[in-house]
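This report describes a protein chain in plain terms, moving from the chain as a whole to single residues. Please keep the sequence and the structure in view while reading.

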Amino acid sequence: MVELQHYQATSMEEIVALWRSLNKQIASVLSHIPTEKHMYQFELKDGKFVSLQWLTKDYIAHLKHHIKQIDAQLPLGGKEDEKRT
């Protein structure tokens, strides 16, 4: 799938901008889900059922993994306590 999107021929800055924009939208959608829906169950391909809350936490953990990869490729520079927004 990644090969079809030609990310290899796209600058890291463009990829990060797209990724950031998409994840801001996902965060907005997730923040508007009513609390009573957090335990809604989804069936995974392996037959396991997980809650929307679990999927959200798993996605955030996956994002953190990719942020580390991005930081290794595109360091911020500047002060150590400087953070991405």
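Among the contacts in the protein chain with a separation of 6 or more, 30% join residues that stand 24 or more positions apart. The model on display is a predicted one. Two helices and two strands are found in the protein chain, and their order from the N terminus is α-β-β-α.

**Surface and interior**

The protein chain has 85 residues, and 11% of them are buried. About 7500 Å² of the protein chain is exposed, and 59% of this area comes from carbon and sulfur atoms.

Four residues illustrate how burial is assigned. A residue counts as buried when its relative accessible area is under 20%, and as partly exposed when the value lies between that limit and 50%.

| Residue | Relative accessibility | Class |
|---|---|---|
| Val50 | 4% | buried |
| Asn23 | 13% | buried |
| Phe42 | 31% | partly exposed |
| Trp54 | 36% | partly exposed |

**Residues in the helices**

Asn23 belongs to helix H1, which covers residues 12-31. Because its relative accessible area is 13%, Asn23 is classed as buried. Leaving aside residues up to four places away in sequence, Asn23 touches Tyr59 and Leu63.

Trp54 is part of helix H2. With a relative accessibility of 36%, Trp54 is therefore neither buried nor exposed but partly exposed. In sequence, Trp54 and His38 are separated by 16 residues, while their C-alpha atoms are 8.5 Å apart in space.

**A strand residue and its contacts**

Which residues does Val50 touch, not counting residues up to four places away in sequence? The contacts of Val50 are Tyr40, Gln41, Phe42, Leu44 and Leu55. Val50 itself lies in strand E2, which spans residues 49-51. Val50 counts as buried because its relative accessibility is 4%. Between Val50 and Tyr40 there are 8.2 Å from C-alpha to C-alpha, and the two are 10 residues apart in sequence.

**The aromatic pair**

Two of the residues that Val50 touches, Tyr40 and Phe42, also appear in another feature. A search of the whole structure yields one aromatic pair. This pair is made by Tyr40 and Phe42, with 5.1 Å from centre to centre and 70 degrees between the planes, in an edge-to-face arrangement. The arrangement is called edge-to-face because the angle between the planes is over 60 degrees. Phe42 counts as partly exposed, since its relative accessibility is 31%.

**The second largest pocket**

The volume of the second largest pocket is about 430 Å³. Its lining consists of 15 residues, and those nearest the centre are Tyr7, Ile15, Trp19, His66 and Ile70. Helix H1 and helix H2 (52-73) each contribute at least two residues to this lining. How many residues of the lining of the second largest pocket are nonpolar, polar and charged? There are 10 nonpolar residues and five polar ones, with no charged residue in the lining.

Terms used: Residues numbered from 1 in each chain as written. Predicted model: local features only at pLDDT ≥ 70, side-chain atom pairs only at ≥ 80, totals over all residues. Heavy atoms only, no water. Phe/Tyr/Trp six-rings, centres within 6.5 Å; stacked < 30°, edge-to-face > 60°. Buried < 20%, exposed > 50% of the residue type's maximum accessible area, 1.4 Å probe, protein only. Helix = DSSP H or I, 4+ residues; strand = E, 2+ residues; numbered from the N terminus. Contact = heavy atoms within 4.5 Å. Areas by Shrake-Rupley, 256 points an atom, 1.4 Å probe, with all protein chains shown as cover. 1 Å grid on protein atoms, 1.4 Å probe; cavity = no way out; pocket = protein on both sides within 12 Å on 5 of 7 lines; lining within 4 Å. Points joined across faces, edges and corners; volume = space filled by probe spheres on them. Nonpolar A, V, L, I, M, F, W, Y, C, P; charged D, E, K, R; others polar.
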